[in-house]
Amino acid sequence: MDINLLYILFLSVIGFIISFIGGMVGLVLGVIRLPFILSTGLSVTESVGTNIGVSTLGAITAAIQHIKNRNISFTIFIVMALTGAAGAFCGALLTKYVEINYFLILIALIISYESFTLLKKNKSRNNNNRKTTQTISNLNQKPIKQNKYYDVFLQSIIGFLVGILGGLVGLVLGTIRLPALIKILKTEPKVAVGTNMLISSVMGMSGFIGHFVSNEINLLYLIILGPSSMIGGFLGAKYTNRLSSDYLKKLIGIVLAIVAVTIFFSIVMEFNILYS
């Protein structure tokens with residue numbers, strides 16, 4: 001196999017940037033990386049398998065850094081990882097009975113909406129009203145927020161639904177899970193970022209093992225591109241705690257918008273983004 005060293009260097013730089021941003025916002029971003037790996041001339045199956053391997057390496061190092069920064073809720077991680085895995089298993093069984101592109105469009109629409117909700121600016125009046133009514137709201141909501149069974153139930157439902165949708169199309173779908181952690185479960189953005197990355201790294205590892213067993217990994221490209229992804233993810237995760245919650249949510253919204261556009265584009269151009 002002929003390898004263009006300059007192009008490999010370019011891919012390594014691109015991979016570093018993607019993993020750096022991903023580590024910072026808690027997203028694997030394999031969907032964005034895949035077209036670059038496809039451009040190397042590898043087969044679709046090898047490109048997909050290698051991509052998830054590179055993505056997982058970056059996710060693992062980012063997750064390690066987030067653990068060091070105490071950006072992980074291990075309770076949420078355990079609940080959503082288990083229910084997500086169960087959902088993914090069920091979804092995978094149904095894949096042959098559905099038209100995947102329809103679900104990809106649905107996913108892109110969901111991500112677009114989540115991006116909008118994170119990017120929209122709250123008026124100052126609303127912010128002031130929230131501050132003045134915060135005490136009353138907290139008193140009213142206190143019993144609900146302290147109900148651990150309700151929290152676990154909600155986490156389980158979200159984890160299972162995201163899992164089954166991801167299983168249908170072969171995606172980890174951290175892009176849907178992360179906004180749900182922030183907007184629905186009311187998790188602190190930094191903790192949501194770290195927890196989502198840890199969940200994605202575990203689910204990505206299971207996908208990587210599946211591709212490795214099926215001999216769908218190009219080990220040479222994995223060895224070449226993996227280190228830059230690992231360094232990028234680790235360094236990116238270091239910057240999460242340096243960002244304010246508002247800025248972090250805005251950055252997540254921007255990245256989600258890019259992901260949604262990428263998915264729409266992949267459908268039109270018939271790129272294979274499965275398991276990315």
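This passage looks at three helix pairs and one internal cavity in a predicted model. Local features were kept at pLDDT of at least 70 and side-chain atom pairs at pLDDT 80 or more, while totals for chains, interfaces and linings use all residues. Residues are numbered from 1 along each chain as its sequence is written, and side-chain values use heavy atoms, with hydrogens and water left out.

Take α1 and α2 to begin with (helices are DSSP runs of H or I, at least four residues, numbered from the N terminus). Their axes lie 10 Å apart, at an angle of about 175 degrees; axes here are lines fitted to C-alpha atoms over the stretch in contact, and angles run from 0 to 180 degrees between N-to-C directions. That makes the two helices, α1 and α2, roughly antiparallel, a label used for angles over 145 degrees. On the α1 side, Tyr7, Phe10, Leu11, Ile14, Gly15, Ile18 and Ser19 meet Ile32, Arg33 and Phe36 of α2, where contact means heavy atoms within 4.5 Å. Sorted by class, this contact has seven nonpolar, two polar and one charged residues; Ala, Val, Leu, Ile, Met, Phe, Trp, Tyr, Cys and Pro count as nonpolar, Asp, Glu, Lys and Arg as charged, and the others, Gly among them, as polar.

α1 and α2 also turn up around a cavity. A search of the whole structure gives three cavities of 30 Å³ or more, a cavity being a set of points on a 1 Å grid over the protein atoms alone where a 1.4 Å probe fits but cannot get out. The second largest holds about 80 Å³, the volume being the space filled by probe spheres set on the points, which are joined across faces, edges and corners. Its lining (residues with an atom within 4 Å of a point) includes Leu11, Ile14, Arg33, Phe36, Val54 and Leu225. Two or more lining residues come from each of α1 (5-25), α2 (30-38) and α10 (219-238), with α1 giving the largest share, four residues. Seven of the lining residues are nonpolar, three polar and one charged.

Now for α9 (residues 189-213), which packs on α8 (residues 174-183) at about 150 degrees, axes 9 Å apart. The pair α8 and α9 is therefore roughly antiparallel, and the crossing is right-handed, meaning that the near helix is turned clockwise from the far one by less than a right angle (anticlockwise for left-handed). The α8 contact includes Leu178 and Leu181, and the α9 side includes Val193 and Met203.

With α3 (residues 44-68), α9 packs at about 145 degrees, axes 8 Å apart, in a left-handed crossing. Contact residues include Gly49, Gly53 and His66 of α3 and Gly204, Gly207 and His211 of α9. Twelve nonpolar and nine polar residues make up this α3–α9 contact, with no charged ones.

Definitions and conventions. Parallel < 35°, antiparallel > 145°, perpendicular 65-115°, else oblique. 1 Å grid on protein atoms, 1.4 Å probe; cavity = no way out; pocket = protein on both sides within 12 Å on 5 of 7 lines; lining within 4 Å.
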